[in-house]
Amino acid sequence: MNPALRHQLRHLDGAILALLDERARLLVQTSAADPLRAAPVDDLLRRHTGPFPADGVTEVFAAIDRHCAAFRAEDAR
Amino acid sequence: MILQLAIGTAEEKVRELHESLEREGLRVLRSRERSRPILAVAGTIPKALKDSLARRTEVETVVQPMGELLLVARAMRERPSVVDVGSVRVGGGTVVVIAGPCSVEGRDHVLAVARQVRAAGAHILRGGAFKPRTSPYQFQGFGVEGLRQLKDAGEATGLPVVSEIMDAADLPAFVEHDIDCLQVGARNMQNFSLLKAIARAGRPVLLKRGLAATVEEWLYAAEYLAEGGCVRIMLCERGIRTYEKATRNTLDLTVLPLMREWTHLPLLVDPAHAAGIARIIPPLSRAAIAAGADGVAVEVHETPAEARSDGPQALLPAELVALVAESRVMAAVTGRALHAPPR
């Protein structure tokens with residue numbers, strides 16, 4: 001793979017991971033009494049204009065919600 | 001000149017070096033760094049002495065900082081310093097948002113704004129009680145009563161507070177009302193008697209850049225604070241005066257990456273006073289964080305048109321919510337995180 005392309009992908013992956021971490025941190029800071037409400041995926045899909053497949057968006061965010069919920073539950077224990 | 005000694009250098013060796021330099025008639029300042037001893041030597045050092053110091057086994061690195069800067073120079077710390085303002089830690093890889101009204105306009109008003117600041121996820125409440133206004137006919141602030149109202153609003157919402165001090169004579173009021181952080185405004189950046197007085201107050205200081213100050217002059221102002229005993233100093237870029245008239249001032253983000261090389265102090269940016277136009281504050285805040293700022297300071301008001309000072313640059317509460325959310329994203333993509341809400 002072209003080194004510049006590899007560098008860009010690595011950088012984007014790092015940013016995605018940092019954003020996921022920040023999302024998890026925010027959920028942990030939320031009061032335990034608040035219900036865990038993920039941002040509705042429908043709303044995201046309505047605003048989504050990029051080439052990433054819609055099914056993939058749904059799938060990725062379902063996984064993010066699932067993992068964040070598990071992480072939050074673990075943190076609360 | 002700054003001497004970074006080897007990690008693990010015995011205290012006896014450090015003292016011996018310190019005393020030998022003092023015997024040469026030099027003033028020696030010691031860093032608060034715990035991981036390694038660091039000594040700063042003020043004044044002109046003869047070349048022969050400089051050479052002999054470099055040869056000493058306990059001296060690992062000899063650094064010549066910019067001009068006569070010592071205590072605030074980057075080489076005086078292993079890592080950039082972190083300043084505690086109440087329970088909020090400024091610097092050290094997190095990003096903070098300071099927000100509040102330009103002026104404290106009354107007890108109910110500042111409390112309402114403080115609740116909005118807290119709800120938005122910002123970290124420190126700002127509010128002016130003593131206002132340095134261009135015209136003597138403009139609102140000058142509620143003075144001591146304003147400090148009381150600001151602190152009460154901060155306590156009610158769990159937010160540490162920052163307010164501008166213009167006169168050393170007001171320092172007892174700031175201490176009595178337990179103002180968590182003293183702000184030195186742009187107009188007073190080189191008011192050296194004020195800097196010397198507040199350096200001894202034992203409180204964090206937010207030092208804004210003078211509107212016509214070079215970076216070097218700004219850092220020397222910080223050095224005055226440090227030399228006077230202040231160990232919690234934060235710098236805040238707030239725009240400089242240029243020929244450009246489209247904005248109130250010109251936000252000088254260019255210096256931020258350089259400042260990282262020159263000083264260990266946390267760097268904040270106040271895009272509101274630079275821009276003077278509320279709608280361009282969000283992109284400037286994003287740019288500030290992207291350029292490495294440890295946080296941004298903005299103004300918020302429910303009805304900016306009715307604000308007693310600087311209404312055109314005040315964000316609406318909903319705009320503050322958006323700005324904090326954007327700051328979180330910018331912090332993450334620049335390898336940092338938004339600070340947790342204050343305890």
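1. Let's begin with B:Val162, which stands opposite B:Cys181 in E10(B). The strands involved are E9 (residues 161-164) and E10 of chain B, which run parallel and are joined by three bridges. Two strands count as paired if DSSP finds at least two bridges between them. Helices (H or I, at least four residues) and strands (E, at least two) are DSSP runs, numbered from the N terminus. In general, strands of a sheet pair through backbone hydrogen bonds, either parallel or antiparallel.

2. A word on what you are looking at: this is a predicted model, in which local features need pLDDT of at least 70, side-chain atom pairs count only at pLDDT 80 or more, and totals for chains, interfaces and linings use all residues. Residues are numbered from 1 along each chain as its sequence is written, while chains are lettered from A and ligands numbered from 1 in the order in which they are written.

3. How is E10(B) connected to its parallel partners? E9(B), helix H5 (residues 171-176) of chain B and E10(B) make a right-handed β-α-β unit. E10(B), helix H6 (residues 192-199) of chain B and E11(B) make a right-handed β-α-β unit too. Next, the chain passes from E11(B) through helix H7 (residues 215-227) of chain B to E12(B), in a β-α-β crossover that is right-handed. Right-handed here means that, with the strands pointing away from the viewer, the path from the first strand over the helix to the second runs clockwise.

4. The pairing of E11(B) is worth following in the viewer. Strand E10 (residues 181-184) of chain B pairs with E11(B) in the parallel sense over three bridges, and B:Leu182 has B:Val205 as its bridge partner there. Towards strand E12 (residues 233-237) of chain B, E11(B) again pairs in the parallel sense, over four bridges; B:Lys208 has B:Cys236 as its bridge partner in E12(B).

5. Are the residues of these strands buried or exposed? In E10(B), B:Cys181 and B:Gln183 point one way, B:Leu182 and B:Val184 the other, and all are buried. Strand E11 (residues 205-208) of chain B is covered on both faces, with B:Val205 and B:Leu207 buried on one side and B:Leu206 and B:Lys208 buried on the other. Buried means that 20 or more other C-beta atoms lie within 10 Å of the residue's own; exposed means 12 or fewer, and partly exposed lies in between, with C-beta atoms placed from the backbone. As background, side chains in a regular strand alternate between the two faces of the sheet.

6. Chain B also holds an open sheet of four strands with antiparallel pairing, in the order E2-E3-E1-E4. Its edge strands are E2 (27-30) and E4 (59-63) of chain B, each pairing on one side only. Between E2(B) and strand E3 (residues 38-42) of chain B there are four bridges in the antiparallel sense, and B:Leu29 stands opposite B:Ala40 in E3(B).

7. Chain A is built of three helices and zero strands. Of its 77 residues, 0% count as buried. Its mean pLDDT (the predictor's confidence in each residue, from 0 to 100) is 85, and 88% of its residues reach 70 or more.

8. Finally, the contact between the chains takes nine residues from chain B and six residues from chain A; residues are in contact if their C-beta atoms, placed from the backbone, lie within 7 Å. On the chain B side, helix H11 (317-333) and strand E15 (337-338) are the elements that give two or more residues, and H11(B) gives the largest share, four residues.

Notes
Contact = placed C-beta atoms within 7 Å.
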